[in-house]
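Student: I would be grateful for a close look at a single part of this protein, namely its loops, with the residues in them set in the context of the whole chain.

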Amino acid sequence: MATPPPGGFVAEDLDRLPDLPPHTELIDGSLVFVSPQAQFHALAVSMFETALRRCAPSTVRIRREMTVTLDRNQRPEPAVIAVRADRAGVPALTTYRADDVLLAVEVVSPESRT
């Protein structure tokens, strides 16, 4: 793994660092790696995603497991987010800005509780 630079990693590093595991998050300038998903977590995420897609108005898009850039050192990956349709972005988009997000859902696991 890459050695953190002085001051820690920044949001853009998640797109530039080679060979990061899928679903790596940036919290307080540190890379956070996701542990294997339990079946409960996967089912809960699917339930929220499906329910939100069914009831979301046409001005909203539902996205699963996309990061949200909160600031320079914070880029968490909520389980499901609702974003403004006009800011849903292009297929190559890797993160949303905080002001694009209308709702964020995190399915809490022992590892993500804090």
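Tutor: The account below begins with the overall fold and then takes the loops in turn. The model is a predicted one.

The protein contains 2 helices and 7 strands, and along the sequence these follow the pattern α-β-β-α-β-β-β-β-β. Its radius of gyration is 15 Å, close to the 13 Å that the globule rule gives for 114 residues, so the protein is as compact as a globular protein of that length. Taken along the principal axes, the C-alpha atoms fill a box of roughly 45 × 35 × 25 Å. Of the 114 residues, 35% are buried. The protein exposes about 7300 Å², and carbon and sulfur atoms supply 57% of that area. Among contacts between residues at least 6 apart in sequence, 46% join residues at least 24 apart.

The loop between strand 4 (67–69) and strand 5 (80–84) holds Ala 79. Ala 79 is buried, because its relative accessible area of 5% falls under the 20% cut-off. Beyond its neighbours within four places in sequence, Ala 79 is in contact with Val 45, Arg 63, Arg 64, Glu 65, Val 105, Glu 106 and Val 107. Val 45 is 34 residues away from Ala 79 along the chain, yet the C-alpha atoms of the two are separated by 6.2 Å. Val 45 falls within helix 2, which spans 39–55, while Arg 63 and Arg 64 belong to strand 3, which spans 60–64.

Glu 65, one of the contacts of Ala 79, is itself a loop residue, placed between strand 3 (60–64) and strand 4. Glu 65 has a positive phi of about 55° although it is not a glycine. With a relative accessibility of 23%, Glu 65 counts as partly exposed, whereas Ala 79, which it touches, is buried.

A positive phi in a residue other than glycine is also found at His 23, where the angle is near 70°. His 23 sits in the loop between helix 1 (13–16) and strand 1 (25–27). This residue, His 23, is partly exposed, with a relative accessible area of 32%.

The second largest pocket can be described next. Its volume is about 180 Å³. The lining comprises 14 residues, of which Leu 14, Asp 15, Thr 24, Thr 67 and Arg 75 lie nearest the centre of the pocket. By character, the lining residues divide into 6 nonpolar, 4 polar and 4 charged. Leu 14 and Asp 15 fall within helix 1, which spans 13–16, and Thr 67 falls within strand 4, which spans 67–69.

On the far side of strand 1, the chain enters the loop that leads to strand 2 (30–32), and Asp 28 lies in that loop. Asp 28 counts as exposed, because its relative accessibility of 58% is over the 50% cut-off. Leaving aside neighbours within four places in sequence, Asp 28 is in contact with Asn 73 and Gln 74. The C-alpha atoms of Asp 28 and Ala 44 are separated by 27 Å, with their positions 16 residues apart along the chain.

Ser 58 has its place in the loop between helix 2 (39–55) and strand 3. Like Asp 28, which is exposed, Ser 58 is exposed, with a relative accessible area of 62%. Arg 84 stands 26 residues away from Ser 58 along the chain, and their C-alpha atoms are separated by 9.4 Å.

The loop between strand 5 and strand 6 (95–97) contains Arg 87. Arg 87 is partly exposed, at a relative accessible area of 32%. Setting aside neighbours within four places in sequence, Arg 87 is in contact with Tyr 96, Arg 97, Asp 99 and Asp 100. Tyr 96 and Arg 97 fall within strand 6, which spans 95–97. The C-alpha atoms of Arg 87 and Val 60, which are 27 residues apart along the chain, are separated by 9.2 Å.

In summary, the loop residues considered here include buried Ala 79, partly exposed Glu 65, His 23 and Arg 87, and exposed Asp 28 and Ser 58.

Technical notes:
Residues numbered from 1 in each chain as written. Predicted model: local features only at pLDDT ≥ 70, side-chain atom pairs only at ≥ 80, totals over all residues. Heavy atoms only, no water. 1 Å grid on protein atoms, 1.4 Å probe; cavity = no way out; pocket = protein on both sides within 12 Å on 5 of 7 lines; lining within 4 Å. Points joined across faces, edges and corners; volume = space filled by probe spheres on them. Nonpolar A, V, L, I, M, F, W, Y, C, P; charged D, E, K, R; others polar. Helix = DSSP H or I, 4+ residues; strand = E, 2+ residues; numbered from the N terminus. Rg over C-alpha atoms; globule rule 2.2 N^0.38 Å. Buried < 20%, exposed > 50% of the residue type's maximum accessible area, 1.4 Å probe, protein only. Contact = heavy atoms within 4.5 Å. Areas by Shrake-Rupley, 256 points an atom, 1.4 Å probe, with all protein chains shown as cover.
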